[in-house]
Structures are given as C-alpha cells and as structure tokens.
Amino acid sequence: MKIAVLSCIHGNYEALNAVLLDLEQHKAEKIYCLGDLVGYGPYPNAVVEMIRSLDIPTCQGCWDEDIVEGLNACECSYPSLLAEQRGKLAHEWTHERIYPEVRDYLAQLPLSLREGDLCFTHGSPQNQHEYLLPEMNAFAALERVLSTGANTLFCGHTHVPYVRTLEAGSIRLRVDYKGESGEETVFTTPLRRIVNVGSVGEPRHGRPNATYVLYDTETDHVQLREVEYDYQKTCAAIIEQGLPPIFAWRLARGLEFAERADDPSHICER
Amino acid sequence: MMTQLKSQSPGLYIVSGPAGSGKTHWIFQQLSKQTGSQIYGAPSQSSWCLDSAYLESQLRGDLQNLNTRNLAEIEGWALKSPVYLELGFHLDLQVLPIFSSCVPCHKIAVLPSGLAMSEWHFWADNLVLGVGAMNPQMPSQIQKSDLTGEVFDPASLDMVWYELTHGAYGEVQRAKGIFNVVDGRSFWFSFVAGQDSYYEELNRPRCLESRPGGLSGIEVCGQNLDTEAIASNLAASCLNDQLLSHYQAQYRSYAANSEVVS
Ligand SMILES: [Zn+2]
Ligand SMILES: [Zn+2]
C-alpha cells in the first residue's frame, strides 16, 4: 500500500491543496498527517476543515498544542528574541481567529499514531516540541525510535525533510562498580529509520515548494516529494489578512524561521 | 589625471566617491600608516557619524575628530598635518568652507572599477580604485537610526541584517552599522549591494555592566525602504533591562571562571 505522510501545513491552504492533488496523482491510498495544521499561515480554519473532511488520521503538532493550551504549555523553541516575537504574533493572530470547534478538534488529537511497524508523530514520540535533527547523536535517535516499538518513525516539526537510517548495530553496556569491572551486556538492534517529511506550508529548505513523503509499505521505498504551488497566493493572503509582511517574504524564499536553537546560550524571554 | 599622492604630508585630503566604494577604508589605511596626529572629519554628515566612530575604535592612536563646529580651524591643522575630510556619495561641496590657497589641497575620489565617467572624474585630482561595482542608481532614501545604549541578541541581529541585506525591507544599496551585542562586544557591519556583508569587531572595552555608552547606530541607503519595519524589527532584536542584566550576570560569571582557570 502506498501511503502519503504530511506535516506542518501551518494554515497554508494553497500548499495543502497542491499536495493533495499530487498524492492523488501518485495514487496514494492512505494519508497521515503529523500536525501543525495552524500557525503563521492565513487559513488555519480552512486547513483543519479540509483535513477533517478527508478523515485524515492526524497527530497533534506543537502549534496545535499551543493554540489549545496557551503558549505557556510550550517549552522554549525559539532561536532568537525576534523569532519569539514573531511566533507570539502569529500565535495571537491564530488564537483570535480560530473557531471553537476547530480548537476542540485540535485538543483531542493524539501525540502519536501506529500502523503496523510504522509510528507517526510530530516532534518526537515523547514531546511535540522536541526536534529530531538529522545530526542528533545516533544513540539518542535510536532510543526515540525504539521507545515506540516501531521500525520506522515518521516525524515533522523541523521543516527540513530527511531520511536517517540507524544501522543494525550493537550497543555494549558495562557498568563498573567501585573500581571493579562489571559484566558487559550487548544489545543488538535491527535496522531502524527516521523519516522527516518536511513541511507542506512553511518549508525551510530554501525554496517555497511544499514537501511531503510517499511510502510504499510493500517495497519499503520512501519517496520525498517536492511540490510547486502558487505560493504568491498565500503570500498575498498573509498580507491581506493582516499578518506581518515579513512572513510572506520568508515563505517565498523557503526560510521558515522558528527552528529551535541548539545553542544553549541563545536568548529568549522564558 | 592620476598623480602620485603623498598622503603623509601636511594638507587637506578631501575624499569622495559613491556609496560603499571604500572611502572610510582608504582613509583608515592612510591614517594607520601615520605617525603624527590623526585628523579626520566628515562634514557632510549629521550630528553623529558611524564612520568616525569606526575610525576612533579601530585606529590605535588618538583620532582628532573634526566636527562642523571646528571646520574653521581646519586650515591651521592642515598646515601642520594631513587632515582627511570625507564627503558623502552626493559630492556635496557646499558643506565645505572656501579654503585659502596656501593650504595644499588634494581631491581624492575612491571609485569602483568600471566607472567610466562621472562627476567625480571631473572633480578629483587623484583617483583611487575602491571596491565593488558601480550601482547605476543613486540611493533615493537614507535612513539613520541612533541605537546608542541598545544591546542586541546576536541571533536576532543576524536575522534582521540578513533580511535587510536580502531585500525584505526594500532595495538596499548600502547599509552600515555599529551594534552592541549581549556578550559585551561591539561590531561593525557593512554591506554594499552585490557583495557579501563585512563584519569586524571593534576595539572597545567589553561592557558587561549596564548599557554601553559608545556610539551605536545604523545607516541604510536605498530605494522603497520600509523604514518603519526596519526600525521595529531592530527594536524587537534588543534586550530589555531585565533580560540584559540577567544575561550580563551570566557573562560576568563565565569571565570570572575563565580567569581562575587561566
Ligand atoms: Zn511546524
Ligand atoms: Zn512543530
């Protein structure tokens, strides 16, 4: 079966429609969505309504959680004061416009979904706000996949797509106690994989195109799709709807900015 | 037309050229070779001048900074030492007094390569090859903001500078600034359209307590500039008092710890 996995639509209705058309042309039989339906983009309600009307199994993203719980629910995920200020602006804008039934829908979304040996989640299985970056240390990455019991973990949230294979390998563990060397335990793990599906509506790969993933459960083949769409329409709507014009400027360049800073010394107000 | 310039000898050296051609850089080179007094003025500019603040920080000696008030004394200075006067890109000769003919006067144009004929060619008696390519359009807008006392979050400053120099707030031909960042250092940022930005740390004492007093500001030249957006995004990139004292305390303790180690 061919499945399509999408994430991070962020109120970009044009991009979502283009992706839905593309996956239909590629004969995807089932769609999964990894959350962040709202935030930054001009059409949060329309995006949620579309996802609901198609009955797409969806996980809760960090933005979906924040809109339900308020910003305090979120741990710091802004790399700079400026990104934080813009994030808050986008949050307030969305918060004021979202319909109550849309908020109720976002509130009941699960943190992760399972289908056979596949697991779907927004950030990490533990937290919608955690970034599984491609350079994350292999052990930590493996631990995140193992915790789900699945072989392949689909995630989003970083807005940059990637596929990372964690080689079948062994982990040696020895606990030394008071100078005496203890017994060595060896774990062997089969091949695991993390597939980051990128972002439909707020890409961060330097081009405005939407990205998502097609996965064939029979052949185990992962295909990363990059879909062109009329992003100028979304840019115009951003400005028309009273969102900051800089959001449109960055969208047109594939420069979404709300990526977490790895630098622990980064400055934020929280 | 090109004459051999002995820039060490006393006299007036009036320097002009298009925006971003490297006028201040050329003057910096001359002044740093010099052993005697270093005298500089930028008479076409308003009450504060980023270029003089840059030269003051980066030159090892004491820069004698001429402002509009002591333009009358220039002749006296110029008979004893070289005096550098930097004019803006608009070649505004009106700002200069008429100098007596007993003061040797050199007119120097710092020009980018490929500039065939221009008002500078007619005016100058010395041509210096500057940097970059000539922008055919003269900037129609100049935005200057005094940011003295403001302290930036470096990641935010980086973001707003990137946006500014990549056209997010209108077509920028030239931008320069002196910015204080939270770890107590100050930097010179310089951008000319078509080239990469240039960054340099200023030789200023590190400020890890309260707000730095040295001149800080930004100057942007271009077309269709969204001056309001530039100002508000810069403001959003600065630390408030509470955040500043919190982070400065952290940096002070890092500094104290590293002193113990070394
Ligand atoms: Zn997202
Ligand atoms: Zn997210």
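Accessible area here comes from the Shrake-Rupley method with a 1.4 Å probe; for residues, only the protein chains shown count as cover. The model is predicted: local features need pLDDT of at least 70, side-chain atom pairs count only at pLDDT 80 or more, and totals for chains, interfaces and linings use all residues. Residues are numbered from 1 along each chain as its sequence is written, chains are lettered from A and ligands numbered from 1 in the order written, and side-chain values use heavy atoms, without hydrogens or water.

Q: What makes up the accessible surface of chain A?
A: The total is about 11,700 Å². Carbon and sulfur atoms hold 49% of it. For chain B the total is about 12,400 Å², with 53% from carbon and sulfur atoms.

Q: What secondary structure does chain A have?
A: Chain A has 8 helices and 11 strands. They are DSSP runs, numbered from the N terminus: helices are H or I over at least four residues, strands are E over at least two. Chain B comes to 7 helices and 11 strands.

Q: Why is His10(A) called buried?
A: Buried means under 20% relative accessible area, exposed over 50%, and partly exposed in between (1.4 Å probe, protein chains only). His10(A) has 1%, so the residue is buried. His159(A) passes too, at 2%. Asp36(A) has 1% and is buried. Cys62(A), at 6%, also counts as buried.

Q: How many residues of each chain count as buried?
A: In chain A, 57% of the 270 residues do. In chain B, 53% of the 262 residues do.

Q: What share of the contacts in chain A join residues at least 24 apart?
A: A contact means heavy atoms within 4.5 Å. Take the contacts between residues at least 6 apart in sequence: 75% of them join residues at least 24 apart. For chain B, the value is 72%.

Q: Which donors make the site of the zinc ion (ligand 1)?
A: They are Cys8(A) (SG), His10(A) (NE2), Asp36(A) (OD) and His159(A) (NE2), at 2.1 to 2.6 Å. A donor is an N, O or S atom within 2.8 Å of the metal (3.2 Å for Na, K and Ca); water is not among the atoms, so sites may look incomplete. The distances of 2.1 to 2.6 Å meet the 2.8 Å limit.

Q: Why is the site of the zinc ion (ligand 1) called irregular?
A: Four donors are tetrahedral if all angles lie between 85 and 135 degrees. Four are square planar, and six octahedral, if opposite donors are over 155 degrees apart and all others lie between 65 and 115; anything else is irregular. Here the angles among the 4 donor atoms run from 83 to 170°, so the tetrahedral range is missed and the site is counted as irregular. His10(A) lies in the loop between β1 (2-6) and α1 (13-25), and His159(A) in the loop between β5 (152-155) and β6, so this pair ties together parts of chain A that are 149 residues apart in sequence.

Q: What makes Asp36(A) a bridge?
A: Asp36(A) coordinates both zinc ions, ligand 2 and ligand 1, which are 3.4 Å apart. For the zinc ion (ligand 2), the other protein donors are Cys62(A) (SG), His122(A) (NE2) and His157(A) (ND1). The four donors lie 2.1 to 2.4 Å from this ion.

Q: Why is the site of the zinc ion (ligand 2) irregular?
A: The angles span 89 to 156°. The upper value exceeds the tetrahedral limit, so the site counts as irregular. Asp36(A) lies in the loop between β2 (30-33) and α2 (44-53), and Cys62(A) in helix α3 (residues 62-69), so the pair ties together parts of chain A that are 26 residues apart in sequence.

Q: What makes β3 and β6 of chain A edge strands?
A: Strands pair if DSSP finds at least two bridges between them. The open sheet has 5 strands in the order β3-β4-β5-β9-β6, with mixed pairing. β3 (112-115) and β6 (162-166) each pair on one side only.

Q: Why do β9(B) and β10(B) count as paired?
A: 4 bridges join them, and the rule asks for at least two, so they pair. They run antiparallel. Phe187(B) stands opposite Glu201(B) in β10(B).
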